[in-house]
Amino acid sequence: FTDVNNPDDTLARTLVKKGVFVLKGTIKEPNMYNLNFHGSQKKMMLFMGNDIVTVTGDATSLQAAVVKGSPLHNEFKEFQDLFNPLFQKLAEMNQTIGGQTDLKRDDTLMVAYTAHLEKVKHSVDSFVIAKKASPIGPFTVLVTSELEQDVVVLERRFNTLDVSQKNGFFGKLLKTQIDEAKFGSIGSDAIPFAQNDTTGKPVFLANFKGKYVLIDFWASWCRPCRME
């Protein structure tokens with residue numbers, strides 16, 4: 001039994017006896033974990049907290065295993081049932097478009113792809129609002145973040161989460177990702193710096209706060225720059 005985010009971190013280990021096993025332990029907070037069967041090199045993901053969970057099935061077909069006792073895993077199953085078909089269709093459409101040549105380009109496919117992408121985004125918005133008090137909420141925003149290039153949208157989704165989830169494992173990861181994406185982006189605060197003018201006097205960007213400032217970055221080896 002290992003942490004998905006840190007596969008080397010074994011949380012519990014035991015032996016299967018007559019088809020039955022029991023794992024005991026405590027985890028810090030709800031998260032995703034791998035249930036590993038080393039003999040058959042099989043594993044399955046469990047989304048759970050400190051719940052009493054039962055898993056019934058065959059180690060050779062873990063996708064069909066039945067998980068009971070973890071409300072979070074039920075929500076994770078909801079996520080899979082909703083988004084897996086949407087992601088699969090998106091990937092298939094993307095592959096078809098990528099295989100086109102300039103001479104044989106079907107613009108209707110791109111229109112259909114854009115429409116389906118918007119459908120996925122709306123589904124993410126609705127699902128996150130419904131799961132705003134659950135770790136599944138920030139988890140959903142994280143795993144779908146590559147579909148959204150606008151950091152403003154990610155931050156809006158983050159702000160819909162309950163405070164407890166903003167401060168949880170997935171919420172903190174999401175906040176870090178948003179902060180890094182906003183760094184130096186359009187609309188964010190300019191990075192403070194100082195630079196000497198032509199007389200050697202230091203000029204501080206902070207001194208121009210509240211004013212319109214045009215900053216021209218140039219290089220000494222650039223002839224047109226020097227001429228300008």
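**Aromatic pairs and a helix contact**

Reader: As what does Phe-21 count by its relative accessibility?

Author: In this predicted model, local features need pLDDT of at least 70 and side-chain atom pairs pLDDT 80 or more, while totals for chains, interfaces and linings use all residues. Residues are numbered from 1 along each chain as its sequence is written, and side-chain values use heavy atoms, without hydrogens and water. Buried means under 20% relative accessible area, exposed over 50%, and partly exposed in between (1.4 Å probe, protein chains only). Phe-21 has 27% relative accessibility, so this residue counts as partly exposed.

Reader: And as what does Phe-37 count by its relative accessibility?

Author: The value for Phe-37 is 18%. Phe-37 therefore counts as buried.

Reader: What kind of pair do the rings of Phe-21 and Phe-37 form?

Author: The structure holds 16 aromatic pairs. Rings of Phe, Tyr and Trp (its six-membered ring) pair if their centres lie within 6.5 Å; planes under 30 degrees apart count as stacked, over 60 as edge-to-face and the rest as tilted. For Phe-21 and Phe-37 the centres are 5.8 Å apart and the planes lie at 80 degrees, so the pair is edge-to-face.

Reader: How are α4 and α6 oriented to each other?

Author: Helix α4 (residues 151-159) and helix α6 (residues 169-182), DSSP runs (H or I, at least four residues) numbered from the N terminus, pack at about 150 degrees with axes 10 Å apart. Angles run from 0 to 180 degrees between N-to-C directions, with axes fitted to C-alpha atoms over the stretch in contact. Under 35 degrees counts as roughly parallel, over 145 as roughly antiparallel, 65 to 115 as roughly perpendicular and the rest as oblique. α4 and α6 are therefore roughly antiparallel.

Terms used. Helix = DSSP H or I, 4+ residues; strand = E, 2+ residues; numbered from the N terminus.
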